[in-house]
Amino acid sequence: MKLTGQCLCGAVKYQCSAEPVISGNCHCKDCQRASGSAYAPTFFVPEDAISIQGEVKYFEIAGGSGKKARRGFCPQCGSQLFGKPEAMPGLIAVRAGTLDDSSQYHPQVDIFVSRAAPWDYIPPSATTFPEMPPNPTV
Ligand SMILES: [Zn+2]
Ligand SMILES: [Zn+2]
């Protein structure tokens, strides 16, 4: 399986040869604000398995763990693509909505659901955590 994707304008593209290490939907307020939506669907892959073309701008903020996280977006169209949380060294987060084939994303967990918006929908079958899971590689 090869994961490929791009931002809205196409200036940033990526290819990944590895399977996601973990996939999940983050409902924290930062993800709501940054995405303008109810949650950020995200999968993590080893940083050395992904190849990125185009300029990505990173915005740094304290993440949910209290450690710093860098959120990467396309400076031309503003699409969010990547995240680099210090709490998960060696891994890069990719926003699943940027995949060319959205069916390649399979969320395993929903995290920070205690912060979810009242109009958010979380399926009853989801594995949920009120905050960060105790072990992020669950
Ligand atoms: Zn773009
Ligand atoms: Zn989040």
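Both faces of strand β9 are covered in this predicted model. Leu91, Ala93 and Arg95 point to one side, and Ile92 and Val94 to the other; all are buried. The strand spans residues 91-95 and is mostly covered, with five of its five residues buried.

Strand β9 has pairing partners in β4 and β8. Strand β4 covers residues 40-46 and runs antiparallel to β9, joined to that strand by five bridges. Within this pairing, phenylalanine 43 has valine 94 of β9 as its bridge partner. Strand β8, residues 80-85, is also antiparallel to β9, but here two bridges make the join. Valine 94 appears again in this pairing, as the bridge partner of phenylalanine 82. Valine 94 is thus bridged to phenylalanine 43 and to phenylalanine 82. Its side of β9 also holds Ile92, and both residues are buried.

The link between β8 and β9 is a hairpin, with five residues between the two strands. Glycine 90 lies in the turn and has a positive phi of about 85 degrees.

These pairings belong to a wider sheet. Seven strands form an open sheet with mixed pairing, in the order β6-β7-β8-β9-β4-β3-β10. The edges are held by β6, residues 57-62, and by β10; each of these pairs on one side only. From one strand to the next, the twist averages 30 degrees. In general, the strands of a sheet pair through backbone hydrogen bonds, either parallel or antiparallel. Both arrangements occur here. The β4 and β9 strands run antiparallel, whereas β3 and β10 run parallel. Strand β3 comprises residues 22-26, and three bridges join it to β10. One pair of bridge partners there is cysteine 26 and isoleucine 111, the latter in β10.

Beyond the edge strand β10, which covers residues 109-111, the chain continues into a segment that contains aspartate 120. How buried or exposed is aspartate 120? Aspartate 120 is partly exposed, because 15 other C-beta atoms lie within 10 Å; a buried residue would need 20 or more, and an exposed one would have 12 or fewer.

Aspartate 120 also meets residues from elsewhere in the chain. Apart from neighbours within four places in sequence, its contacts are His27, Ala38 and Tyr39. Alanine 38 is 82 residues away from aspartate 120 along the chain, yet their C-alpha atoms are separated by 5.5 Å.

Technical notes. Residues are numbered from 1 along each chain as its sequence is written. Chains are lettered from A and ligands numbered from 1 in the order in which they are written. This is a predicted model: local features need pLDDT of at least 70, side-chain atom pairs count only at pLDDT 80 or more; totals for chains, interfaces and linings use all residues. Helices (H or I, at least four residues) and strands (E, at least two) are DSSP runs, numbered from the N terminus. Two strands pair if DSSP finds at least two bridges between them. Two residues are in contact if their C-beta atoms, placed from the backbone, lie within 7 Å. Axes are lines fitted to C-alpha atoms, for helices over the stretch in contact, and angles run from 0 to 180 degrees between N-to-C directions.
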